[in-house]
Amino acid sequence: MAGTWWKSAAWTHVLVALFGMGSWISVNCLWVELPVVVSVLPEGWNLPVYLSVLIALGSIGPIAVTITHHCAPGWLNERLVIHFIQVLAVVASIFLAIFWSQVATVAEESRSVPFLLLTFVLALVCCTSSVTFLPFMFRYPPQYIRTFFVGQGLSALFPCVVALGQGVGKLECKMENGTLKPHYLEENFPAQDFFWFLFVMLTISAICFLALTQRQITAPASNEYSPESERVTKEEGEDTHPLQNGGTPVSDDQVELEKAAPLHTFWTPRNIYLLVLLGVSNALTNGVLPSVQSFSCLPYGTMTYHLSVVLGNLANPLACFVAMFVICRSSLGLSLMSVAGGVFAAYLMALAALSPCPPLLGSLTGVCLVIRRASRRNAVRVLTPKIVYCEADTTPAGKLACS
């Protein structure tokens, strides 16, 4: 009975989701814990800018993996790479929980060198996971790939739930020398405990990946398609096997005509447009807006900043969940969402430019506007990569995964 339970598909889905959870949970934890660590580290509220730069530098990892695949095809063992970056992330999280508040003197100024260095290591791991985790999942049937994306959403959900329970930004007013002064209350648990939570989550993800490598794949992804899915694919005008005609032998003349037909290329105008949307949305979500978020949100209060970070990360798993059932494939629909996101981004940039005296300061309307706009940035970023993937993958398994 125990062996049957271990080999069940439901348990495989759980392992895949928890494995996918470890992809970006480190960076998400760093963002949601910023309101706590800025009160201790010497960089203060300039820390979001440092964090954005270090996360961008983490792109060295996927660039190195891509160059290795191009220059030495088949030389890189992705399974070993995943094991390596997961162990690196677990070790980095241990050091982060122990040394995050330590400072060192650099150029006669106090700097949080351990925190910044470990942030770069965790960002390197997260960025590299984007080009290693998903290729590993291609050996599984398509339904597990959907579960993997759900797990990626959990990498934002879990840190946000824990951060809400931590209770950041609470204050009370006390009378001192005849003057009311704000006194910030202590969090329910310190940042050190939050980083130990990160260590536990990364360890669980690594153990789940190890369990996945020991499991036998029951059905390869290339065989997981039905005649109905192949019929739908052909009706969409994308023949998955151009040199085959339903198993019917073809003549040499027909083969020559098929070879002479223009090959399907990835670099179509539509795909280039989608990639541009994806690049702009990622630049805004992962770089530009987080780096100025302290300027756009802090004038409205610490709690406003905390809620904007937490709810912004909660929007990610929600968008992933909605994208499993509702996918906007039209360029017009994605353009409209991009324009809406651009308006929200422009509003936040304007607040940052007008800081520390933005409009509607001190009013509940201003707080609600900045939180709502900070949490509505993920739809295009979640939908566009899946559509580009669907446009490029014309195999039956790929079409089924995108359906």
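Helices and strands here are DSSP runs, numbered from the N terminus; a helix has at least four residues and a strand at least two. The model shown is predicted.

**View 1. The whole chain holds 19 helices and 4 strands.** The protein chain has 403 residues, and 42% of them count as buried. Its exposed area is about 20,400 Å². Carbon and sulfur atoms supply 67% of that area. Take the contacts in the chain with a separation of 6 or more: 80% of them join residues 24 or more positions apart.

**View 2. The loop between strands S1 and S2 carries two residues with positive phi.** Strand S1 covers residues 104-106, and strand S2 covers 109-111. Alanine 107 sits in the loop between them. Its phi is near 55°, a positive value in a residue other than glycine. Glutamate 108 lies in the loop between S1 and S2 as well. Phi of glutamate 108 is near 65°, again positive in a residue other than glycine. Are these two residues buried or exposed? Alanine 107 has a relative accessible area of 70%, so it counts as exposed. Glutamate 108 is exposed too, because its relative accessible area is 78%. The cut-off for exposed is over 50%.

**View 3. Arginine 111 and glutamate 109 form a salt bridge.** A search of the whole structure finds 1 salt bridge. The closest N and O atoms of arginine 111 and glutamate 109 are 2.8 Å apart. Arginine 111 has a relative accessible area of 25%, so it is partly exposed. Glutamate 109 is also partly exposed, because its relative accessibility is 42%.

**View 4. The largest nonpolar core has 72 residues.** Those with the most contacts inside it are Phe19, Val37, Leu96, Phe115, Met137 and Phe195. Helix H11 (residues 191-214) gives the largest share of this core, 11 residues. In soluble globular proteins, nonpolar side chains tend to be buried together. Which residues does valine 37 touch, leaving aside its neighbours within four places in sequence? Valine 37 is in contact with Leu47, Trp100, Phe115, Ala191 and Phe195.

**View 5. Valine 36 lies in helix H4.** This helix covers residues 34-37. Valine 36 has 5% relative accessibility, so it counts as buried. Valine 36 and glycine 167 are 131 residues apart in sequence. In space, their C-alpha atoms are 9.8 Å apart.

**View 6. Six residues form a nonpolar patch on the surface: Val49, Tyr50, Val53, Leu57, Ile60 and Phe295.** Together they have about 480 Å² of accessible area. Helix H5 (residues 47-57) provides the largest share of the patch, 4 residues. Phenylalanine 295 is found in helix H14, which covers residues 269-297. Phenylalanine 295 counts as partly exposed, because its relative accessibility is 36%. Patch residues need over 30% relative accessible area.

**View 7. Helix H16 spans residues 331-354.** How far apart should the ends of its 24 residues be, at 1.5 Å a residue? The expected span is 34 Å, and the end C-alpha atoms are 34 Å apart, so the two values agree. The buried residues of H16 are Gly333, Leu334, Ser335, Phe344, Ala345, Tyr347, Leu348, Leu351 and Ala352. An α-helix has 3.6 residues a turn, so residues three or four places apart point the same way.

Methods
Residues numbered from 1 in each chain as written. Heavy atoms only, no water. Patch = residues over 30% accessible without salt bridge, like charges linked within 9 Å, V, L, I, M, F, W, Y side chains within 5 Å. Areas by Shrake-Rupley, 256 points an atom, 1.4 Å probe, with all protein chains shown as cover. Salt bridge = Lys/Arg side-chain N within 4 Å of Asp/Glu carboxyl O. Buried < 20%, exposed > 50% of the residue type's maximum accessible area, 1.4 Å probe, protein only. Core = buried A, V, L, I, M, F, W, Y, C linked by side-chain atoms within 4.5 Å. Contact = heavy atoms within 4.5 Å. Expected span 1.5 Å × (residues − 1).
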